[in-house]
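Biologist: I should like to go through this structure step by step. Please give the reasoning behind each answer before the answer itself.

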Amino acid sequence: MSGLAGITNSGALPTLELSMRFAAQRQRLLAHNIANLTTPEFQPMDADPRDFQRALADAVQRRRDETGGQRGPLPWREEGPLRRDARGDLRIDPDSPKHAVLRHDRNSSDLERSMQALAENAAFFRLSSDLMRFESDRLVRAMRETV
Amino acid sequence: MYGSLDISTSGMIAQRTRMTAIAANLANRDTILDTDGNVNPYKRRQALFAPGNPNAVSGQGKALGVHVRQISINEDAVRLKLEPGNPHAYKSGPNEGYVPVPDIDPVVEQVNAMEAARAYEANVSAADASKAMLAQALRLLA
(Lines give C-alpha, C1' and ligand atoms only; values in the text may rest on other atoms or scores of the structure.)
Protein backbone atom coordinates (compact mmCIF):
# COMPACT_ATOMS: atom_id res chain seq x y z
CA MET A 1 0.00 0.00 0.00
CA SER A 2 1.49 3.35 -1.00
CA GLY A 3 1.94 6.02 1.63
CA LEU A 4 -0.78 8.26 0.28
CA ALA A 5 -3.29 5.39 -0.06
CA GLY A 6 -2.40 4.35 3.48
CA ILE A 7 -3.40 7.80 4.71
CA THR A 8 -6.59 8.15 2.68
CA ASN A 9 -7.73 4.58 3.44
CA SER A 10 -7.27 4.81 7.17
CA GLY A 11 -9.77 5.42 9.92
CA ALA A 12 -13.18 6.74 9.04
CA LEU A 13 -12.15 8.55 5.83
CA PRO A 14 -13.29 5.86 3.33
CA THR A 15 -16.66 5.47 5.06
CA LEU A 16 -17.19 9.24 5.09
CA GLU A 17 -16.21 9.49 1.43
CA LEU A 18 -18.74 6.79 0.52
CA SER A 19 -21.41 8.46 2.65
CA MET A 20 -20.92 11.73 0.78
CA ARG A 21 -21.02 9.93 -2.57
CA PHE A 22 -24.24 8.17 -1.61
CA ALA A 23 -25.89 11.41 -0.44
CA ALA A 24 -24.84 13.19 -3.64
CA GLN A 25 -26.30 10.39 -5.80
CA ARG A 26 -29.50 10.27 -3.77
CA GLN A 27 -29.83 14.03 -4.09
CA ARG A 28 -30.13 13.55 -7.87
CA LEU A 29 -32.95 11.06 -7.43
CA LEU A 30 -34.80 13.33 -5.00
CA ALA A 31 -34.37 16.35 -7.29
CA HIS A 32 -35.68 14.17 -10.16
CA ASN A 33 -38.77 13.26 -8.14
CA ILE A 34 -39.46 16.90 -7.32
CA ALA A 35 -38.88 18.00 -10.92
CA ASN A 36 -41.53 15.47 -12.00
CA LEU A 37 -44.15 16.37 -9.40
CA THR A 38 -46.71 17.13 -12.10
CA THR A 39 -45.58 14.72 -14.84
CA PRO A 40 -48.37 12.30 -15.77
CA GLU A 41 -47.70 8.59 -15.07
CA PHE A 42 -44.50 9.42 -13.19
CA GLN A 43 -43.46 7.01 -10.43
CA PRO A 44 -40.91 8.47 -7.98
CA MET A 45 -37.67 6.57 -7.37
CA ASP A 46 -35.42 6.46 -4.36
CA ALA A 47 -32.56 4.58 -2.73
CA ASP A 48 -33.12 3.42 0.82
CA PRO A 49 -30.45 4.87 3.17
CA ARG A 50 -30.85 1.77 5.34
CA ASP A 51 -29.58 -0.39 2.45
CA PHE A 52 -26.55 1.84 2.20
CA GLN A 53 -25.94 1.76 5.94
CA ARG A 54 -26.20 -2.04 5.98
CA ALA A 55 -23.74 -2.36 3.07
CA LEU A 56 -21.37 0.13 4.70
CA ALA A 57 -21.50 -1.68 8.05
CA ASP A 58 -20.78 -4.95 6.24
CA ALA A 59 -17.78 -3.42 4.43
CA VAL A 60 -16.39 -1.96 7.67
CA GLN A 61 -16.75 -5.30 9.43
CA ARG A 62 -15.03 -7.16 6.58
CA ARG A 63 -12.17 -4.66 6.58
CA ARG A 64 -11.82 -5.22 10.31
CA ASP A 65 -11.78 -8.99 9.79
CA GLU A 66 -9.26 -8.80 6.93
CA THR A 67 -6.80 -6.25 8.29
CA GLY A 68 -7.49 -6.54 11.98
CA GLY A 69 -7.75 -2.81 12.33
CA GLN A 70 -8.87 0.38 10.66
CA ARG A 71 -6.54 0.41 7.69
CA GLY A 72 -6.94 -0.68 4.08
CA PRO A 73 -9.56 -0.04 1.40
CA LEU A 74 -13.19 -0.85 2.16
CA PRO A 75 -14.10 -4.27 0.67
CA TRP A 76 -17.46 -3.20 -0.79
CA ARG A 77 -19.76 -6.03 -1.92
CA GLU A 78 -20.67 -5.40 -5.55
CA GLU A 79 -24.21 -6.68 -5.24
CA GLY A 80 -27.64 -5.29 -4.53
CA PRO A 81 -28.79 -1.83 -5.57
CA LEU A 82 -25.52 -0.07 -4.63
CA ARG A 83 -22.44 -0.74 -6.75
CA ARG A 84 -19.24 1.14 -7.39
CA ASP A 85 -17.90 1.99 -10.83
CA ALA A 86 -14.26 2.12 -11.93
CA ARG A 87 -13.84 5.60 -10.42
CA GLY A 88 -15.17 4.43 -7.08
CA ASP A 89 -18.41 6.36 -7.55
CA LEU A 90 -21.61 4.73 -6.33
CA ARG A 91 -24.08 3.61 -8.99
CA ILE A 92 -27.51 3.38 -7.48
CA ASP A 93 -30.12 1.10 -8.96
CA PRO A 94 -33.13 3.07 -7.71
CA ASP A 95 -36.21 1.53 -6.25
CA SER A 96 -39.60 2.69 -7.52
CA PRO A 97 -42.20 1.43 -5.08
CA LYS A 98 -45.69 0.96 -6.48
CA HIS A 99 -47.83 2.90 -4.06
CA ALA A 100 -51.56 3.15 -4.40
CA VAL A 101 -52.20 5.94 -6.90
CA LEU A 102 -55.01 8.29 -6.03
CA ARG A 103 -54.32 11.03 -8.51
CA HIS A 104 -56.08 11.19 -11.80
CA ASP A 105 -52.84 11.61 -13.80
CA ARG A 106 -51.42 8.36 -12.29
CA ASN A 107 -48.54 10.26 -10.70
CA SER A 108 -47.75 8.87 -7.25
CA SER A 109 -45.35 11.65 -6.14
CA ASP A 110 -45.71 12.80 -2.57
CA LEU A 111 -44.39 16.34 -2.10
CA GLU A 112 -44.20 16.18 1.70
CA ARG A 113 -42.27 12.90 1.68
CA SER A 114 -39.97 14.24 -1.05
CA MET A 115 -39.15 17.40 0.91
CA GLN A 116 -38.61 15.37 4.08
CA ALA A 117 -36.22 13.04 2.27
CA LEU A 118 -34.46 16.06 0.77
CA ALA A 119 -33.92 17.64 4.21
CA GLU A 120 -32.73 14.35 5.71
CA ASN A 121 -30.34 13.73 2.85
CA ALA A 122 -28.88 17.25 3.10
CA ALA A 123 -28.36 16.78 6.85
CA PHE A 124 -26.68 13.40 6.23
CA PHE A 125 -24.36 14.98 3.66
CA ARG A 126 -23.55 17.83 6.04
CA LEU A 127 -22.76 15.45 8.87
CA SER A 128 -20.48 13.33 6.66
CA SER A 129 -18.81 16.44 5.29
CA ASP A 130 -18.22 17.93 8.76
CA LEU A 131 -16.74 14.66 10.01
CA MET A 132 -14.57 14.42 6.88
CA ARG A 133 -13.32 17.95 7.51
CA PHE A 134 -12.55 17.07 11.11
CA GLU A 135 -10.62 13.97 10.01
CA SER A 136 -8.65 15.83 7.35
CA ASP A 137 -7.82 18.66 9.78
CA ARG A 138 -6.50 16.02 12.18
CA LEU A 139 -4.29 14.60 9.42
CA VAL A 140 -2.97 18.04 8.55
CA ARG A 141 -2.19 18.74 12.19
CA ALA A 142 -0.37 15.39 12.44
CA MET A 143 1.70 16.21 9.35
CA ARG A 144 2.67 19.53 10.88
CA GLU A 145 3.49 17.72 14.11
CA THR A 146 1.20 20.03 16.07
CA VAL A 147 -1.07 17.37 17.55
CA MET B 1 -23.80 17.84 -7.48
CA TYR B 2 -23.99 19.88 -10.64
CA GLY B 3 -26.22 17.09 -11.95
CA SER B 4 -28.80 17.66 -9.22
CA LEU B 5 -28.74 21.41 -9.95
CA ASP B 6 -29.40 20.62 -13.62
CA ILE B 7 -32.33 18.44 -12.63
CA SER B 8 -33.93 21.11 -10.43
CA THR B 9 -33.33 23.71 -13.13
CA SER B 10 -35.12 21.53 -15.68
CA GLY B 11 -38.07 21.36 -13.27
CA MET B 12 -38.12 25.14 -12.90
CA ILE B 13 -37.97 25.66 -16.67
CA ALA B 14 -40.82 23.19 -17.22
CA GLN B 15 -43.04 24.82 -14.60
CA ARG B 16 -42.26 28.31 -15.93
CA THR B 17 -43.19 27.18 -19.44
CA ARG B 18 -46.43 25.72 -18.06
CA MET B 19 -47.14 29.02 -16.30
CA THR B 20 -46.56 30.88 -19.58
CA ALA B 21 -49.15 28.69 -21.30
CA ILE B 22 -51.62 29.28 -18.45
CA ALA B 23 -51.03 33.05 -18.60
CA ALA B 24 -51.62 32.99 -22.36
CA ASN B 25 -54.86 31.04 -21.85
CA LEU B 26 -56.14 33.53 -19.28
CA ALA B 27 -55.07 36.57 -21.29
CA ASN B 28 -56.81 35.26 -24.40
CA ARG B 29 -60.01 33.86 -22.92
CA ASP B 30 -62.03 36.50 -24.82
CA THR B 31 -59.92 36.59 -28.00
CA ILE B 32 -62.02 35.67 -31.02
CA LEU B 33 -59.94 37.19 -33.84
CA ASP B 34 -56.56 36.06 -35.11
CA THR B 35 -53.72 38.44 -35.99
CA ASP B 36 -55.17 39.00 -39.49
CA GLY B 37 -58.53 40.09 -38.07
CA ASN B 38 -60.39 36.92 -39.09
CA VAL B 39 -62.80 35.13 -36.76
CA ASN B 40 -60.60 32.38 -35.33
CA PRO B 41 -61.01 31.98 -31.56
CA TYR B 42 -57.90 31.41 -29.47
CA LYS B 43 -57.38 27.72 -28.69
CA ARG B 44 -56.38 26.59 -25.21
CA ARG B 45 -52.69 25.64 -24.83
CA GLN B 46 -51.43 22.98 -22.43
CA ALA B 47 -47.81 22.10 -21.57
CA LEU B 48 -47.24 18.32 -21.51
CA PHE B 49 -44.30 17.07 -19.44
CA ALA B 50 -42.20 13.94 -19.78
CA PRO B 51 -39.32 12.66 -17.60
CA GLY B 52 -35.73 13.17 -18.75
CA ASN B 53 -33.88 16.24 -19.95
CA PRO B 54 -32.75 16.05 -23.62
CA ASN B 55 -30.77 19.29 -23.23
CA ALA B 56 -28.56 17.97 -20.42
CA VAL B 57 -24.86 17.54 -21.16
CA SER B 58 -24.19 14.31 -19.26
CA GLY B 59 -25.82 10.94 -19.88
CA GLN B 60 -27.15 10.79 -16.35
CA GLY B 61 -28.54 14.31 -16.79
CA LYS B 62 -30.43 13.15 -19.88
CA ALA B 63 -32.08 10.34 -17.92
CA LEU B 64 -33.08 12.49 -14.96
CA GLY B 65 -35.03 15.73 -14.81
CA VAL B 66 -38.10 16.77 -16.76
CA HIS B 67 -38.83 18.51 -20.04
CA VAL B 68 -41.80 19.95 -21.89
CA ARG B 69 -42.52 17.32 -24.50
CA GLN B 70 -45.19 19.31 -26.28
CA ILE B 71 -47.38 22.39 -26.07
CA SER B 72 -50.66 20.88 -27.17
CA ILE B 73 -53.35 23.06 -28.75
CA ASN B 74 -56.89 21.91 -28.11
CA GLU B 75 -58.66 22.64 -31.39
CA ASP B 76 -62.03 21.65 -29.90
CA ALA B 77 -61.89 24.15 -27.03
CA VAL B 78 -64.40 26.54 -28.63
CA ARG B 79 -67.92 27.25 -27.45
CA LEU B 80 -70.73 29.35 -28.83
CA LYS B 81 -71.88 32.47 -27.03
CA LEU B 82 -75.15 34.24 -27.92
CA GLU B 83 -74.33 37.83 -28.88
CA PRO B 84 -76.69 38.87 -31.71
CA GLY B 85 -75.31 42.42 -31.74
CA ASN B 86 -71.70 41.34 -32.18
CA PRO B 87 -70.41 42.15 -35.70
CA HIS B 88 -68.59 38.80 -35.72
CA ALA B 89 -71.68 36.71 -34.90
CA TYR B 90 -72.90 34.16 -37.46
CA LYS B 91 -75.22 35.96 -39.85
CA SER B 92 -77.21 32.90 -40.91
CA GLY B 93 -77.56 29.17 -40.36
CA PRO B 94 -78.37 27.20 -37.21
CA ASN B 95 -75.84 29.24 -35.15
CA GLU B 96 -77.20 32.61 -36.21
CA GLY B 97 -76.47 35.26 -33.57
CA TYR B 98 -73.80 33.16 -31.87
CA VAL B 99 -70.13 34.06 -31.64
CA PRO B 100 -67.43 31.35 -31.35
CA VAL B 101 -65.35 32.11 -28.25
CA PRO B 102 -62.49 30.23 -26.53
CA ASP B 103 -63.69 27.57 -24.09
CA ILE B 104 -61.35 28.48 -21.25
CA ASP B 105 -62.39 28.00 -17.62
CA PRO B 106 -60.58 30.62 -15.50
CA VAL B 107 -61.04 28.51 -12.35
CA VAL B 108 -59.25 25.53 -13.91
CA GLU B 109 -56.46 27.82 -15.13
CA GLN B 110 -56.08 29.41 -11.68
CA VAL B 111 -55.82 26.00 -10.01
CA ASN B 112 -53.23 24.90 -12.58
CA ALA B 113 -51.32 28.16 -11.99
CA MET B 114 -51.25 27.52 -8.24
CA GLU B 115 -50.00 23.99 -8.78
CA ALA B 116 -47.28 25.22 -11.16
CA ALA B 117 -46.19 27.90 -8.67
CA ARG B 118 -45.96 25.41 -5.80
CA ALA B 119 -44.06 22.89 -7.93
CA TYR B 120 -41.68 25.69 -9.01
CA GLU B 121 -41.06 26.56 -5.33
CA ALA B 122 -40.37 22.89 -4.54
CA ASN B 123 -37.73 22.84 -7.29
CA VAL B 124 -36.18 26.04 -5.91
CA SER B 125 -35.96 24.39 -2.46
CA ALA B 126 -34.31 21.32 -4.00
CA ALA B 127 -31.82 23.56 -5.85
CA ASP B 128 -31.07 25.42 -2.59
CA ALA B 129 -30.37 22.11 -0.84
CA SER B 130 -28.04 21.06 -3.68
CA LYS B 131 -26.24 24.41 -3.52
CA ALA B 132 -25.74 24.05 0.23
CA MET B 133 -24.31 20.55 -0.27
CA LEU B 134 -21.99 21.83 -2.99
CA ALA B 135 -20.75 24.64 -0.75
CA GLN B 136 -20.28 22.14 2.07
CA ALA B 137 -18.16 19.89 -0.16
CA LEU B 138 -16.11 22.85 -1.41
CA ARG B 139 -15.33 23.86 2.18
CA LEU B 140 -13.33 20.63 2.49
CA LEU B 141 -10.77 22.20 0.15
CA ALA B 142 -10.46 25.43 2.12
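Biologist: What percentage of the 142 residues in chain B is buried?

Modeller: This is a predicted model, in which local features need pLDDT of at least 70 and side-chain atom pairs count only at pLDDT 80 or more, while totals for chains, interfaces and linings use all residues. Residues are numbered from 1 along each chain as its sequence is written, with chains lettered from A and ligands numbered from 1 in the order in which they are written. A residue is buried if 20 or more other C-beta atoms, placed from the backbone, lie within 10 Å of its own, exposed if 12 or fewer do, and partly exposed in between. By that rule, the buried part of the 142 residues in chain B is 26%.

Biologist: Is B:Asn53 buried or exposed?

Modeller: B:Asn53 is placed in the loop between strand 1 and helix 2 (59–63) of chain B. Helices (H or I, at least four residues) and strands (E, at least two) are DSSP runs, numbered from the N terminus. Because B:Asn53 has 24 C-beta neighbours inside 10 Å, this residue counts as buried.

Biologist: What is the radius of gyration of chain B, and what does the globule rule give for 142 residues?

Modeller: Chain B has three helices and four strands, in the order α-β-α-β-β-β-α from the N terminus. Its C-alpha trace spans about 80 × 25 × 20 Å along the principal axes. The radius of gyration is taken over C-alpha atoms, and the globule rule is 2.2 Å times the number of residues to the power 0.38. Chain B is more spread out than a compact globule, because its radius of gyration is well over the value from the rule: 22 Å against 14 Å.

Biologist: Which element gives the largest share of the side of chain B that touches chain A?

Modeller: Two residues are in contact if their C-beta atoms, placed from the backbone, lie within 7 Å. The contact takes 27 residues from chain B and 24 residues from chain A. On the side of chain B, helix 1 (2–27), strand 1 (44–51) and helix 3 (106–138) each give two or more residues. The largest share, 12 residues, comes from helix 3 of chain B.

Biologist: How are helix 4 of chain A and helix 3 of chain B oriented to each other?

Modeller: Axes are lines fitted to C-alpha atoms, for helices over the stretch in contact, and angles run from 0 to 180 degrees between N-to-C directions. The axes of helix 4 (residues 111–143) of chain A and helix 3 of chain B come within 10 Å and cross at roughly 5 degrees. Angles under 35 degrees count as roughly parallel, over 145 as roughly antiparallel, 65 to 115 as roughly perpendicular and the rest as oblique. Helix 4 of chain A and helix 3 of chain B are therefore roughly parallel.

Biologist: How many charged residues are in the contact of helix 2 of chain A with helix 3 of chain B?

Modeller: The axes of these two helices come within 9 Å and cross at roughly 165 degrees, which means that helix 2 of chain A is roughly antiparallel to helix 3 of chain B. Among the residues that make the contact are A:Met20 and A:Leu30 of helix 2 of chain A, and B:Ala122 and B:Met133 of helix 3 of chain B. Ala, Val, Leu, Ile, Met, Phe, Trp, Tyr, Cys and Pro count as nonpolar, Asp, Glu, Lys and Arg as charged, and the others, Gly among them, as polar. By class, the contact has 10 nonpolar and three polar residues, and the number of charged residues is no more than none: no charged residues.
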